[in-house]
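Work through the exercises below with the structure open beside you. Try each task before reading its solution.

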Amino acid sequence: MISVGGTRQASEYASPTATSGKNMQEEEVMAKDVPKQGTEFDFSKERKEQRDNETSRDSKEQTKISLKIVLKKIWILLLPTFIEGCVNVARRLVFFVFVRTTIDCGQPTPDDVDRSSGDWSGSKYCNDRCKVAEEAQFIKGLADGAEAAVKFLCLPSLGLISDIRGRNLVMTISMVGLFLAMLFFSFAARERKGGTATALIILSSVFEGATAGFNVAMNACIGDLVNETRERGYTYGVMEVFRLLTNGFAVLVVTGAVISQNLYDYENVFWGITVFAALAIPTPYLLIPETNKTGLSFTCSDLSPFAFFRILAKYPYVVYIAWLAFFAIFGISVLLIANAFVIGAYGWTQTFAIVMLILIGIVALFFTAASSRLIAAYGARAVARRSLIVMNIGLAILCFSPLSVGFFILGCLFLVVGIMAVPSLLALISKQVPKQELGVTLAAIASVVIAATAIASPVYSTIFRSVGSGGECGEDTDLSLAWVPWGLATVSATISNIIAYQWHRKFPESMDAGESSERRSINIELKVTVPGK
């Protein structure tokens with residue numbers, strides 16, 4: 001009697017002739033090794049050794065990965081990424097300093113105040129630096145939460161559209177949304193203060209969130225262009241480096257030309273960015289040839305945001321990554337209050353705060369660049385797991401940041417190592433789904449991550465508004481509670497690492513090649529019983 005248990009993954013992709021021939025050879029080997037009557041023999045160990053030998057042979061035959069090879073494949077994506085990144089960074093960089101100018105507490109700032117000092121509140125209508133920082137962060141938290149909530153609802157639809165109508169369409173929609181977001185920012189700057197200005201700021205974030213599918217479409221485009229798992233990880237790492245370089249360039253320009261001026265009026269600045277965003281709208285169609293366009297039809301029910309999570313349910317491997325990403329992003333989202341925190345706790349000027357951000361960004365650039373090499377050398381799984389652990393340590397250190405600026409800087413340095421998890425997880429996910437579902441799957445994952453931001457942003461902002469920052473704003477702060485937002489972030493990151501550990505145990509590394517790899521993994525357990533006389 002022969003009983004067969006287990007699964008054979010993605011056998012539909014295998015060549016019938018090759019498979020048949022291979023099975024005949026295996027049966028001959030089994031016939032020779034069948035034990036005597038009345039005994040049992042377990043072939044699972046031999047199968048595992050055979051699979052390990054195949055894995056070793058395939059790894060030796062992998063194409064050599066180099067920067068030149070990768071850039072040759074993705075160079076057409078760089079200019080649109082640069083343009084979109086510059087506009088987005090400019091908007092986000094000026095966001096908080098602009099919101100500060102709209103705060104009104106009934107105590108106007110004297111005209112002769114030194115706006116280059118750490119005592120400047122940032123608002124013409126309120127001279128209380130700590131109150132301005134806390135109230136501005138609260139408004140920014142509401143806007144960020146609204147943006148993330150709308151992204152959660154809309155991003156899976158954008159992912160489906162990218163799979164059916166093409167990547168370029170979604171990237172163009174994102175550029176249009178960025179233009180509209182900057183347009184409403186310009187109207188808010190004209191209002192200067194009050195409820196109308198706040199409503200326009202939140203509306204700007206809603207438009208940005210409803211159309212923010214650029215990175216999902218771009219990552220799916222990379223998945224279309226690059227096939228092998230490690231090369232994809234390397235390519236995602238190269239793109240992350242390029243994005244960081246773009247962000248650094250935009251930060252330097254905006255800091256030197258805008259933020260260092262310590263303005264009260266940002267209307268002209270926003271109109272300038274709006275015009276640049278308008279000119280950038282056609283760049284995806286003009287510069288990027290379409291890499292995927294099925295042309296299939298779809299109904300309105302297909303665009304339901306919750307329908308897309310059925311895609312994740314098809315791939316348990318990806319579900320685990322989605323959950324660990326949710327808690328990791330919820331933890332790291334505590335940095336949304338970092339700008340307000342350092343201005344309140346340490347008396348940093350907005351210019352000095354951005355300079356420190358640049359220095360930390362340089363460290364992040366180094367580790368992102370290193371991630372490509374590390375993924376190629378050690379694999380995406382190993383890099384992802386270790387990055388999450390270091391990120392967890394960084395958040396634990398930040399719990400002590402209300403006591404000293406040294407803890408804040410050290411914690412941030414640990415946190416930037418966690419950025420290496422991004423290209424690693426993208427590489428793992430991209431090999432688990434077929435090409436025609438890659439865009440919608442990445443969008444569904446992104447929606448899970450964005451849900452974390454949508455919850456975290458108002459939560460951390462509300463806690464910060466209630467407990468304060470400590471340090472120089474210590475009179476308004478209960479130091480026994482100032483660590484709470486950082487502590488909550490640490491707990492969330494710990495949960496992420498627990499899920500990562502369970503994922504590692506449940507899905508062995510041999511499954512990282514996924515269903516779409518050229519070498520299909522076989523997991524067959526055979527037990528042969530030869531009955532006695």
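**Exercise 1. A helix pair**

Task: In this predicted model, describe how helix 6 and helix 7 pack, and say which residues make the contact.

Solution.
Step 1. Find helix 6 at residues 167–191 and helix 7 at residues 195–211. Their axes lie 8 Å apart, at an angle of about 175 degrees.
Step 2. Angles over 145 degrees count as roughly antiparallel, so helix 6 is roughly antiparallel to helix 7.
Step 3. On helix 6, the contact residues include Ile173, Gly177, Leu180, Phe184, Phe187 and Glu191. On helix 7, they include Thr196, Leu200, Leu203, Phe207 and Thr211.
Step 4. By class, the residues of this contact divide into 13 nonpolar, five polar and two charged.

**Exercise 2. The loop between the two helices**

Task: What is the sign of phi at Arg192, and is Arg192 buried, partly exposed or exposed?

Solution.
Step 1. Arg192 sits in the loop between helix 6 and helix 7.
Step 2. Its phi is near 75 degrees, which is a positive value in a residue other than glycine.
Step 3. Buried means under 20% relative accessible area and exposed means over 50%. Arg192 has 31% relative accessibility, so Arg192 counts as partly exposed.

**Exercise 3. Another loop residue**

Task: Place Asn262 in the chain and classify its exposure.

Solution.
Step 1. Asn262 belongs to the loop between helix 9 (229–257) and helix 10 (267–280).
Step 2. Phi of Asn262 is near 50 degrees, a positive value in a residue other than glycine.
Step 3. The relative accessibility of Asn262 is 8%, so Asn262 counts as buried.

**Exercise 4. A second helix pair**

Task: Give the angle, handedness and residue classes for the packing of helix 15 and helix 17.

Solution.
Step 1. Helix 15 covers residues 350–378 and helix 17 covers residues 405–417. The angle between them is about 35 degrees, and their axes are 8 Å apart.
Step 2. The crossing of helix 15 and helix 17 is right-handed.
Step 3. From helix 15, Met356, Ile360, Val363, Ala364 and Phe367 meet Ile409, Cys412, Leu413, Val416 and Val417 of helix 17.
Step 4. The contact of helix 15 with helix 17 has ten nonpolar residues, no polar and no charged ones.

**Exercise 5. A covered helix and Phe408**

Task: How many residues of helix 14 are buried, and which residues does Phe408 contact away from its sequence neighbours?

Solution.
Step 1. Helix 14 spans residues 338–346, and eight of its nine residues are buried. Among them are Ala338, Phe341, Val342 and Tyr346.
Step 2. After helix 14 comes Gly347, with a positive phi near 70 degrees.
Step 3. Leaving aside neighbours within four places in sequence, Phe408 is in contact with Ala338, Phe341, Val342, Tyr346, Leu398, Ser401 and Trp486.
Step 4. The largest nonpolar core has 132 residues, and Leu77, Phe98, Phe270 and Phe408 touch the most other members.

**Exercise 6. A buried asparagine**

Task: Where does Asn392 lie, and what does Asn392 touch?

Solution.
Step 1. Asn392 lies in helix 16, residues 380–398.
Step 2. With a relative accessible area of 12%, Asn392 is buried.
Step 3. Not counting residues up to four places away in sequence, Asn392 touches Thr490, Ala493, Thr494 and Asn497.

**Exercise 7. The whole chain**

Task: Summarise the secondary structure and burial of the protein chain.

Solution.
Step 1. The chain has 20 helices and three strands.
Step 2. Of its 533 residues, 52% are buried.
Step 3. Among contacts between residues at least 6 apart in sequence, 84% join residues at least 24 apart.

Definitions and conventions. Residues are numbered from 1 along each chain as its sequence is written. This is a predicted model: local features need pLDDT of at least 70, side-chain atom pairs count only at pLDDT 80 or more; totals for chains, interfaces and linings use all residues. Side-chain values use heavy atoms; hydrogens and water are left out. A nonpolar core is a set of buried Ala, Val, Leu, Ile, Met, Phe, Trp, Tyr and Cys residues joined through side-chain atoms within 4.5 Å. Buried means under 20% relative accessible area, exposed over 50%, partly exposed in between (1.4 Å probe, protein chains only). Contact means heavy atoms within 4.5 Å. Axes are lines fitted to C-alpha atoms, for helices over the stretch in contact, and angles run from 0 to 180 degrees between N-to-C directions. Helices (H or I, at least four residues) and strands (E, at least two) are DSSP runs, numbered from the N terminus. Angles under 35 degrees count as roughly parallel, over 145 as roughly antiparallel, 65 to 115 as roughly perpendicular and the rest as oblique. Ala, Val, Leu, Ile, Met, Phe, Trp, Tyr, Cys and Pro count as nonpolar, Asp, Glu, Lys and Arg as charged, and the others, Gly among them, as polar. A crossing is left-handed if the near helix is turned anticlockwise from the far one by less than a right angle, and right-handed if clockwise.
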